[in-house]
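Here are a few exercises to work through with the model open beside you. Try each task before reading its solution.

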Amino acid sequence: MNLLKNPKSILLAAIAPLALTACKKDNNNGSVTTQQSTITVENVLQSQPLVESGTFQGTGTPALIQPGQSTTITFSAAKGEALSFATMYGASNDLFFAPDNPGIQVYDSNGNPIEGDVSAQVKLWDNGTRVNQKPGAGVTHPGVAETKNISEVTGADAQGNTYLAASKLVKATLKYNGNSTFALTLQNTSGGTANETPLSPGVWSVSYIVGGTLQAPKPLYTSGQPTVNGLTNIAEAGDNMALSAYVKSITGIFTPLSPILVVVYNGIDNPIYKAGTIDAGKGLTTLAQKGNADTLAAYLKTVKGVKAVYVLPAPNTKVLLPSIAGKQGGVVSQQLNVAAGDRLAIATMYGFSNDWFFASADNGVDATQKGDISGTIKLFDDGTAINQFPGAGLTQFNLAGMPLKESQPIAAVPNPNAFTTLPPVTGIIKVTLK
């Protein structure tokens, strides 16, 4: 069951009805005194719109990319995500190269990686903050100030200075490295032309896509609008520090949480999973890969010692989104009936992964306790699907992909890991008992 209701809509899927609230199993022969408790689960992640970002530069001092030289950007991307970048046309007052928004597309409509020459997607832009002069060694920096919107330079600028097409000055070559990773090589091909110029150090970024909608469709600039966020420093002086700091500040984690599996049990170990072992094939794989807890919940109902099973949200409500642009993340609650000796454990998918899931560590918690139990939750790798950069993987189910199978023991996800640095688990999911 895909977490996304429609790949062309930001709304996430309504979950198939399942709220198994029966508390009919009693492991004691005598009377049992029960008490009411309420579990609340929240997605407290302060999400960011960019999944990756970084800088690039030449090899010399200063670190310019001179005619004939090249630099390479390595990144991950899911279908629909694009690579944007910006670098100064060095022999100008305030011109810069960048692809048209949202960036260079790296998959075709069928989800096949694109490789080869993508130079046609690179454009030349006027930052609108300095009056243009004839490009070349005679350009005076910083030049005469002006206040105009960003505009594309095609053939000639407002002062009548002529330019070759950007694709004649910068060659962009895309290579697929496998497992949703790419390399984009930018080569300065301006040598010997009327527009010979160095390229400055630059900035690049990749936006998350959620339900078919890019979270930052115009990450570095907006045509027809004033320049912002430090782009002027690149366009006028080739200084990428300010824009780099900005994109870094909006780069991070974005993930929904799938419907929350809650289990109350007594006299047995945590019935959801066992770290260090291969997934038992009782439904955890479907939860970890697709966010669907139905199969595992149905199995747990048959396990001796399990007293109650719940899948939250309740029927016809949605998965838990993170905080987006300051809006509070998703939250759901469920009333429980528990008794002394009962244990409680939960599980939910890290939605933008191949097979990661949050779950109660070890043997869960005392179901009768009160307070914040978020510290008992850990992030695990189910070991059933090959991992990719979270939120930028072609085979991630909730990014319209099909997980690639593997068979590894269930294990905690290290932080940092091979792909990214995650916030603490308590910065993503909050679980309280009242």
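**Exercise 1. The cavity**

Which residues line the largest cavity? Work out the make-up of that lining too.

Solution. A ground rule before starting: this is a predicted model, where local features need pLDDT of at least 70, side-chain atom pairs count only at pLDDT 80 or more, and totals for chains, interfaces and linings use all residues. Residues are numbered from 1 along each chain as its sequence is written, and side-chain values use heavy atoms, with hydrogens and water left out.

Step 1: search on a 1 Å grid over the protein atoms alone, where a cavity is a set of points that a 1.4 Å probe fits but cannot leave, and lining residues have an atom within 4 Å of a point. The search gives one cavity of 30 Å³ or more. The largest cavity holds about 30 Å³ of space, a volume being the space filled by probe spheres set on the points, which are joined across faces, edges and corners.

Step 2: read off the lining, which is Ala82, Ser84, Pro102, Ser205, Val206, Ser207, Leu214, Ala216, Pro217 and Pro219.

Step 3: sort by class. Ala, Val, Leu, Ile, Met, Phe, Trp, Tyr, Cys and Pro count as nonpolar, Asp, Glu, Lys and Arg as charged, and the others, Gly among them, as polar. That leaves seven nonpolar, three polar and no charged residues in this lining.

Step 4: look at the strands (E, DSSP runs of at least two residues, numbered from the N terminus). E4 and strand E12 (202-207) each bring at least two lining residues, and E12 gives the most, with three.

**Exercise 2. Aromatic pairs**

Find how the rings of Tyr89 and Tyr163 are arranged, and what the pair ties together.

Solution. Step 1: rings of Phe, Tyr and Trp (its six-membered ring) pair if their centres lie within 6.5 Å; planes under 30 degrees apart are stacked, over 60 edge-to-face, and the rest tilted. The whole structure has 16 aromatic pairs.

Step 2: the centres of Tyr89 and Tyr163 are 6.0 Å apart with planes at 85°, so this pair is edge-to-face.

Step 3: Tyr89 sits in the loop between strand E4 (82-88) and strand E5 (95-99), and Tyr163 in the loop between strand E9 (151-152) and helix H1 (166-169), so the pair ties together parts 74 residues apart in sequence.

Step 4: check burial (buried is under 20% relative accessible area, exposed over 50%, partly exposed in between, with a 1.4 Å probe and protein chains only). Tyr89 is buried at 0%, and Tyr163 is buried at 7%.

Step 5: try Tyr176 and Phe182. Their centres are 4.9 Å apart and their planes at 55°, so the pair is tilted. Tyr176 is partly exposed at 25%, whereas Phe182 is buried at 0%. Both belong to one aromatic cluster with Phe75, Tyr107 and Trp204.

**Exercise 3. Asn270 in its pocket**

Which backbone atoms does the side chain of Asn270 reach?

Solution. Step 1: place Asn270 in the loop between strand E15 (260-265) and helix H4 (284-290). Asn270 is buried, at 9% relative accessibility.

Step 2: its side chain reaches the backbone nitrogen of Ile272 at 3.0 Å and the backbone oxygen of Ser360 at 3.5 Å.

Step 3: Asn270 also helps line the second largest pocket, alongside residues including Tyr273, Asp362 and Lys378. By class, this pocket's lining has four nonpolar, two polar and four charged residues.

Terms used:
1 Å grid on protein atoms, 1.4 Å probe; cavity = no way out; pocket = protein on both sides within 12 Å on 5 of 7 lines; lining within 4 Å. Helix = DSSP H or I, 4+ residues; strand = E, 2+ residues; numbered from the N terminus. Polar contact = N/O pair within 3.5 Å; in protein donor to acceptor, adjacent residues only side chain to side chain.
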